[in-house]
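I opened this notebook to keep a record of what I looked up, entry by entry, and to note where each look led to the next.

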Amino acid sequence: MRIWILSCLFSLLLAPPALAGAWMRQTGQGFAAASATLRQGQDGRQGHELGYFGEYGWSPRLTLGVDLNQNDRQSGHALLFARIPLLRGHSRPRFALTFAAGGSHQHRHWSPMSRTTLSVGHEFTTAHASGWISVDASYEYRAYAPDPIWKLDATIGLNTGKAFSPILQIETSRSASAPLSYAIIPSLRYRVSERQDLVVGLEHKKAGDRSLGLKIALWHRF
């Protein structure tokens, strides 16, 4: 069953949240990403999470997109979002604000959801590689949850110019009624073609229980 899910994902044109954040898409260009994560908890229980992210440059100051997620049939969300830059020109670092709205569910019971994200990103160059670093601070409201959720995520990636380039993602989440949860995901990005990349990473996650996971994503630029 899991092999079939992965095969379906790879048949899609997909891309990464890692390159979103503070960056606007150029007008008429798009980026999409799908990922599958297979996890095993401390108790030996296995699970999976599927995600899809896509965005399109509508104008120089507006990027539109969709964010879909499904976690073990127990929870998930479907959001449409709009991103606007906070500073004009090619400032360094870059700042952007993203507004998302849609729905989320617990055990297939859907309710409204919204998310507001402030992002800052910076591109850099070293003697051996170029890269980027992005930090995203989010406020999430879910109608079924007793308290809003605060998230702080960070991503750093390198472009080595070789077959493989490293990426490190750190994701954190906290609400008044729930303890801090986090995920640490080191990955390697493999350039499949000029427009596609394959990303494979290991995930260490603590969300109540601790788990280890294998995350596979396919990125596509169009």
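**Entry on aromatic pairs.** I began by looking up ring pairs in this model, which is predicted, and I found that the structure holds four aromatic pairs. I noted Phe31 with Trp219, an edge-to-face pair whose centres are 6.2 Å apart and whose planes make an angle of 70°. I then checked where these residues sit, and found Phe31 in strand E1 (residues 30-41) and Trp219 in strand E12 (residues 209-221), so that the pair links parts of the chain that are distant, 188 residues apart. Looking up accessibility for the two, I found that both Phe31 and Trp219 are buried.

I turned next to Phe164 and Tyr190, whose ring centres lie 5.3 Å apart with the planes at 40°, so I entered this pair as tilted. This pair also links distant parts of the chain, since I found Phe164 in strand E9 (residues 164-175) and Tyr190 in strand E10 (residues 178-191), 26 residues apart. I recorded Phe164 as partly exposed because its relative accessibility is 47%, and Tyr190 likewise as partly exposed because its relative accessible area is 35%.

**Entry on Ser165.** Staying in strand E9, I looked up Ser165. Is Ser165 buried or exposed? I wrote down buried, because its relative accessible area is 5%, and the cut-off for that word is under 20%. I followed its side chain and found that the side chain of Ser165 reaches the backbone oxygen of Leu158 at 3.5 Å, while a polar contact of 3.1 Å joins the side chain of Ser165 to that of Thr160. Leaving aside residues up to four places away in sequence, I listed what Ser165 touches as Leu158, Asn159, Thr160, Ser187, Leu188 and Arg189.

**Entry on the strands that follow.** From E10 I went on to strand E11 (residues 196-207), and found the two running antiparallel and joined by eight bridges. As one bridge to look at in the model, I noted Ala183, whose partner in E11 is Lys205. I asked myself how many residues the hairpin that joins E10 to E11 passes through, and I counted four residues there.

I then looked from E11 to E12, which pair in the antiparallel sense over twelve bridges, with Leu202 standing opposite Leu214 in E12. E11 and E12 also form a hairpin, with one residue between them, and I noted that Gly208 in the turn has a positive phi of about 80°. My last note goes back to the start, since E12 is the strand in which I had found Trp219.

Key
Residues are numbered from 1 along each chain as its sequence is written. Side-chain values use heavy atoms; hydrogens and water are left out. Rings of Phe, Tyr and Trp (its six-membered ring) pair if their centres lie within 6.5 Å; planes under 30 degrees apart count as stacked, over 60 as edge-to-face and the rest as tilted. Buried means under 20% relative accessible area, exposed over 50%, partly exposed in between (1.4 Å probe, protein chains only). A polar contact is a pair of N or O atoms within 3.5 Å; within protein, one must be able to donate a hydrogen and the other to accept it, and residues adjacent in sequence count only if both atoms are side-chain atoms. Contact means heavy atoms within 4.5 Å. Two strands pair if DSSP finds at least two bridges between them.
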